[in-house]
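Here is a quick tour for anyone opening this structure for the first time. Have a look at it, and then we'll go through a few of its features.

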Amino acid sequence: AKKRRRSNEHSAKEGEKAINIQVVVRCRARIEREVAANSPIVVQATPREIKVWANPQDMMPYKTFTFDKVFGADADQSRIFDTIVVPILHEVKAGYNCTLFAYGQTSTGKTFTMEGKLDLHNGSISPDAGVIPRSLYYIFDTLEAEQADFSVKISYIEIYNEELKDLLSSDSDNRQLKILDDANRKCVLHGHEEVLIKSAEDGINVLKQGSIKRQVAQTNYNKNSSRSHSVFCITLHIKETMPDGEDLLKVGKFNLVDLAGSENISRTGAENLRAKEAGKINKSLLTLGRCINSLNEHNQHIPYRESKLTRLLQDSLGGHTKTCIIATISPAKLSYEETISTLDYAQRAKNILNKPVANQRVTKKALIKEYIGEIERLRADLLAAREKNGIYLSQDTYQNLVDENQSRKDENEELKKLNESLKEQAERFERENSIINRKLMRQTSINTHHQKVFQEFQQMMLSVTSQLEYKFNEIKSVHIGFGELTYNKMKEFMERRETEVSAIIKCIEERIDRSIQQKDQIIQIFDNQERISINLSAELLKFREETQKLMDQKGQELRNSASATFNMFQHELSNQFEKIRSYQVKLGEDLSCLMKTTQEHIASQNHAITSFRSFTRETSNSQIDCMIEQKHLLTQLAEEDVLLRKSMEEEILANVLETLKKY
């Protein structure tokens, strides 16, 4: 027992730490209605930020909102459940009360996020299943895997037109649900049905039965628009055995709230009953917004009692519950104002502080004692009813009814005060309406006077118009004659200019032809010089061959003469032979030098001829290019002259038309 007290005290101390409400934003893709309206995307989602532009073409300025998590259109149901809901379910299993509610404009995907598709897909949960069915499957799968001893109860409540309705009760059950305060001033709901389920499939079947009874209707924004708020509660009991062998019972609650969407009646097309429903929805959401603002401003009084919705969520807003809000928005420009309103709402809610406290563990003895007390109370009520001694209830039950009656009296007093304030507002509206009616009558008389003046002015304008038409016809005939005369003069002028331009172009073409003939002559001269150079080279080669032949002949003669007179003049010729030999070497060197000089001269002449030829070609090409450029320039001038003529004609015609229009 001491260990239990220590554990409970420790959990209470841990729970006293204040934490902010977790706020998550989910932005869906554009739907068919928005695509058909050609409404562009004005929302950009990052993992922690949302940027919203008023005009998608102008990327600046934009509004930035920061949240705990942001999911774009690519986020599926599984990703949102694993990221957001699984950590909350761990807290529920630990014995905490947790709340998750979806808020946003109508048709942004709140019910899809919370419920989704409830039908099975290939024998397993559908990929589009929402938070509620996935939570049921997760609770049963994890606790069965842990072989824990547990039980799960569910309840399903609807708030329609500020009236509470149990969606799980039978149609013949006309019991009214009541919201009462317990000893700790916590709101407790009485009279609703809690269903014990054995599997996730049982829970989904119960959810389907309740969803059929929920109020839905068609609007311009959504074919199945929720017309009420709903609270789906999962209560989890887990048995825990202490080291001393005593059994404890952990209790955790998970409230899943699907709020009806805020509506602009002029856009959704709500009428009659639908308009009344929208008014009640907006009123409850407005009260919820006022509670959030009061909590942000740390006011002493928080208006929880002004709406059934805020009374049920009292512990989730600034209480001892761990709370998460999923704000759903549309990315289309068509819903820009509603998107900004939703994001402002969610950002204010992010500043609310809760102090989560784990539920106290209940022993088996305490639980049996509680059940025995309940049985005794029911037995006392039954006995009092049988005796019929004037009081058909036990004293405790009677005292509870007295307390409830006093609470209702207090509520009636509050409603009377509210009614008086509404009457004062109605009287003020009537006074303002009478003032507006007087102003309207005065404005009607002014409009009648203005209408008479306008009729007189219209008659005067008709007479002036007839006179102007006569003057206009006269001026039109004069200007037509002037326009024809101007056109003829311009035509003669342009024909004369065309003749001059054609003569100039012909002259340029003749000069170009002469230049081309001169170029051909120069090229022919260069070709003649090239032939002369080739002939000169051939003569030089022929001279070399003849000289070599002559040298060979003279050498042979000398050798023959030397061999004939060798015996006679051996001693004398031996001396002269060396001289002749040196003379022959020198003669060969001179001939080689002469051949080298001749070749160099021929090469220099060829180079000079080539340079002169390239220079002549470049000069002739530059002159031809210049001539062509002059031709193009003159052609361009002629075209500009033609364009100038056309522009002058158009300008004259425009001036004539403008003058005619003025007249």
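## Start with some caution

Over residues 1–15, pLDDT (the predictor's confidence in each residue, from 0 to 100) stays under 50. For that stretch the model has 14 contacts beyond four places in sequence, a contact being heavy atoms within 4.5 Å. Where pLDDT is low, the predicted coordinates shouldn't be read in detail.

This is a predicted model, so local features need pLDDT of at least 70 and side-chain atom pairs count only at pLDDT 80 or more, while totals for chains, interfaces and linings use all residues. Residues are numbered from 1 along each chain as its sequence is written, and side-chain values use heavy atoms, with hydrogens and water left out.

## The whole protein

The average pLDDT of the protein is 78, and 84% of the residues score at least 70. You'll find 13 helices and 21 strands here; these are DSSP runs numbered from the N terminus, with helices (H or I) of at least four residues and strands (E) of at least two. Of these elements, helix α1 (residues 2–15) has the lowest mean pLDDT, 41, and strand β6 (residues 69–71) has the highest, 95.

Out of 663 residues, 32% are buried, that is, under 20% relative accessible area (over 50% is exposed, in between is partly exposed; 1.4 Å probe, protein chains only). Among contacts with a separation of 6 or more, 70% join residues 24 or more positions apart.

## S330, tucked into a loop

S330 sits in the loop between β19 (322–329) and α10 (336–349). Is S330 buried or exposed? It counts as buried, because its relative accessibility is 1%.

The S330 side chain reaches the backbone nitrogen of A332 at 3.3 Å. Leaving aside residues up to four places away in sequence, S330 touches C27, R28, E34, V43, T108, S335 and T339.

## Q518, on a helix

Q518 belongs to helix α12 (residues 395–564). With a relative accessible area of 46%, Q518 is partly exposed. Q518 and S620 are 102 residues apart in sequence, yet their C-alpha atoms are 8.4 Å apart in space.

Key. A polar contact is a pair of N or O atoms within 3.5 Å; within protein, one must be able to donate a hydrogen and the other to accept it, and residues adjacent in sequence count only if both atoms are side-chain atoms.
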